[in-house]
Amino acid sequence: MLDDMIDHLEHLREQPVWQPMPAAARANFRAEPPLEGSDLAVVYEEFRQYILPYGSGNLHPGFMGWVQGAGTAEGMLAEMLAATLNANCGGRDHAAIEVERQIAGWARRIFGFPEGASGLFVTGTSMANFSALIVARTAILGAQCQREGVAASGARLTAYVSAAAHGSVQRAMELAGLGADALRRVATDHAHRIDMAALREAVAADRAAGSTPFLVIGNAGTVDTGAIDDLAGLAAFAAAERLWFHVDGALGALAVLAPALKPRFDGIERADSLAFDFHKWGQVPYDAGFLLVRDGEAHRTAFASPAAYLRRETRGLAAGSPWPCDFGPDLSRGFRALKTWFTLKVHGLHRLGAAIAESCALAQYLARRIAAEPRLELMAPVALNVVCFRYRAADADDVNTAIVRDLHEAGVAAPSTTMLDGRLAIRACLVNHRTERRDVDALLDAVLRLGAADRAVPALAERSAGT
Ligand SMILES: *Cc1c(COP(=O)(O)O)cnc(C)c1O
C-alpha cells in the first residue's frame with residue numbers, strides 16, 4: 001500500500017484532475033453490509049479500483065477550485081503513525097497532548113499572540129468560527145448565559161462582517177441561537193474589503209436602536225477574491241467600541257509566513273480570536289483547522305464543564321489539566337497535531353512561506369496573462385492567490401458556467417465559479433504546492449479553446465449579423 005501511494009503521488013500529472021465515477025464503480029457502494037470478513041488484499045483491491053481513481057482532484061497540480069490543500073507525503077506517513085497510536089486527544093496525560101500544546105505555542109509565535117493565549121485543533125475554520133463566536137458571546141453575557149440561555153439576558157446581540165464573508169459565519173450565528181438576522185453584512189469597497197465607514201454607521205445605528213453590538217469579524221483573505229480587510233483598522237475600531245475582534249483566516253492567514261506578504265496582515269496580532277486552517281495553505285492533510293484565543297481563560301470559561309467521569313488528578317494518567325476538551329465541544333478527538341507537527345518540522349516555516357509566496361506569484365502571472373488577452377476579462381483585483389476572470393461573451397454567465405463544467409469533465413483543470421456583483425466568474429484559487437506555470441497556462445489555453453467553440457462565438461456572430 002505504501003509503495004502504491006507514493007507512486008500515486010509521483011504520477012499525479014499523468015492522471016486527469018478529476019473524472020466522473022462510472023455507474024459500475026458507484027454501484028459497488030450500494031452493496032449490503034458485510035456479514036463476514038474478507039481478506040485485506042481483496043478489500044484493498046476494491047479501494048484501488050473504485051476509490052483511488054475517483055478522488056476530488058485536490059492533490060493534482062491542475063486543481064484550482066474552492067480553497068483546498070494538496071497534502072504531502074510526510075503528512076500521509078504521519079497519519080499512519082497517528083492511526084497506529086490511536087490517541088484520544090480529549091485529555092489526560094500523554095505525549096499527543098504535548099504535541100498539540102507545542103503547535104498552539106508555535107501558532108502563538110507565528111501570529112504574534114501572547115503567552116496566555118489558548119489554541120485548539122478543530123475540524124476546520126467553520127468549527128473554529130462557531131467556537132470563537134461562543135467564546136465571544138460568553139465573554140459579553142457572562143458564564144451564566146450557559147445556564148440561563150441567551151434570551152434571559154434580554155440583550156439583542158449583533159455581529160458585523162463584510163458582505164464577502166464565508167457562509168460559515170452566518171451558520172455560526174444560526175447555530176449559536178443568535179440568528180442570521182443579527183449578523184450585519186457590511187458593504188465592501190472597490191477591492192472587496194469591508195467599508196469601515198459603513199461599519200461605523202451600522203454599529204452606531206444598532207446602538208441607537210437598543211441592540212448590543214458584541215462582535216466584529218475581519219477577513220484575512222475572503223473566499224471569493226482573497227481580499228484582506230483592514231485588520232489594524234478593525235482592531236482599533238473593536239477596541240474603541242469594546243467589541244470582540246475575530247479574524248477568519250481560513251484562506252489567507254498562513255501567508256504571514258511569507259515575509260513579503262506579512263505586512264498585509266498587520267493587526268491580526270491584535271485579534272481576540274483567530275480561526276485558520278493548516279489543511280489549506282499549510283498543506284497538512286484533512287482535517288486540521290485551528291482556533292487561537294487571546295484570553296485563554298475566556299476560552300476555557302466558554303467550554304469547560306465539570307463531569308465526574310472526567311475528574312482531574314495531580315498525578316497519574318488523569319493529570320495534566322486543563323485538557324483540550326475544556327476548550328471546545330468535542331470530547332473524543334483524533335491526533336491532528338501529529339501530521340501538523342511533521343509538516344512544520346520536515347519543511348520548516350521558511351519553506352512553507354516560500355510555497356505560499358509562490359502561489360501568489362503564480363496568481364499574479366495568471367492575472368497578467370488575462371490582462372494581455374482581449375478575449376478574457378479580469379473580474380477582481382488579485383490581492384493574494386485568487387484570480388477571478390471570465391471569457392467575454394454576450395451570454396457570459398452561461399458560457400463560463402459551461403466552460404468550467406467542460407474543463408472538469410475533460411480533466412484538464414479544476415477551477416470553481418463564483419458570483420461577483422451579480423456576474424459569474426471563473427475562480428482559480430492557487431493553494432497547491434504542486435501547481436506550476438505550465439498548469440496555469442493549460443487552464444487559460446483550455447478556457448480560450450472551449451470559449452471559442454462554445455456558444456460565445458455564434459452568439460457574437462448573431463449579434464453582429466443582426467445589426
Ligand atoms: C474554507 C473557508 C472557511 C471554512 O473552513 P473549513 O476548514 O472548510 O471549515 C471559512 N472561511 C473562509 C474564508 C474559507 O476560505
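A disulfide is here taken as a pair of cysteine sulfur atoms within 2.5 Å, and in this predicted model the count by that rule comes to zero. Cys145 takes part in no disulfide, since the cysteine sulfur nearest to its own, that of Cys325, lies 19 Å away, and 2.5 Å is the limit for such a pair. With a relative accessibility of 5%, Cys145 counts as buried. Cys429 is likewise in no disulfide; for this residue the nearest cysteine sulfur belongs to Cys388, at a distance of 8.9 Å. Cys429 is also a buried residue, its relative accessible area being 2%.

Charged side chains were examined next. Side chains of opposite charge can pair when their charged atoms come close. A search of the whole structure finds 23 salt bridges, among them the pair formed by Arg184 and Asp206, whose closest N and O atoms are 2.9 Å apart. Arg184 is located in strand β4, which spans residues 183–186, whereas Asp206 belongs to helix α9, which spans residues 196–208, so this salt bridge ties together parts of the chain that are 22 residues apart in sequence. The two partners fall into separate accessibility classes: Arg184 counts as partly exposed because its relative accessibility is 26%, while Asp206, at 9%, counts as buried.

A further salt bridge joins Asp277 to Lys280, with 3.6 Å between the closest N and O atoms, and both of these residues, Asp277 and Lys280, are buried. The side chains of Arg311 and Glu313 also meet in a salt bridge, for which the N to O distance is 3.3 Å. In that pair, Arg311 is exposed, with a relative accessible area of 56%, and Glu313 is partly exposed, with a relative accessibility of 36%. Beyond these pairs, Arg13, Glu436, Arg438 and Asp439 are linked to one another in a network of salt bridges.

Two surface patches were then considered, one charged and one nonpolar. The charged patch is negative and gathers Asp3, Asp7, Glu10 and Glu14 on the surface. One of its members, Asp7, is found in helix α1, which covers residues 2–10. The relative accessible area of Asp7 is 36%, and this residue is therefore classed as partly exposed; the same value satisfies the requirement that patch residues have over 30% relative accessible area.

The nonpolar patch is formed on the surface by Leu2, Ile6, Leu77, Met80 and Leu81, which together have about 390 Å² of accessible area. Helix α1 and helix α4, the latter comprising residues 73–85, each supply at least two residues of this patch. Of the contributing elements, helix α4 gives the most, with three residues. Leu77, which lies in helix α4, is partly exposed, with a relative accessible area of 34%. Helix α1 is thus an element that supplies residues to the nonpolar patch and also holds Asp7, a member of the patch of negative charge.

Note on methods:
Residues numbered from 1 in each chain as written. Predicted model: local features only at pLDDT ≥ 70, side-chain atom pairs only at ≥ 80, totals over all residues. Heavy atoms only, no water. Patch = residues over 30% accessible without salt bridge, like charges linked within 9 Å, V, L, I, M, F, W, Y side chains within 5 Å. Areas by Shrake-Rupley, 256 points an atom, 1.4 Å probe, with all protein chains shown as cover. Salt bridge = Lys/Arg side-chain N within 4 Å of Asp/Glu carboxyl O. Lys, Arg positive; Asp, Glu negative; His and termini not counted. Charge placed at Lys NZ, Arg CZ, Asp CG, Glu CD. Helix = DSSP H or I, 4+ residues; strand = E, 2+ residues; numbered from the N terminus. Buried < 20%, exposed > 50% of the residue type's maximum accessible area, 1.4 Å probe, protein only.
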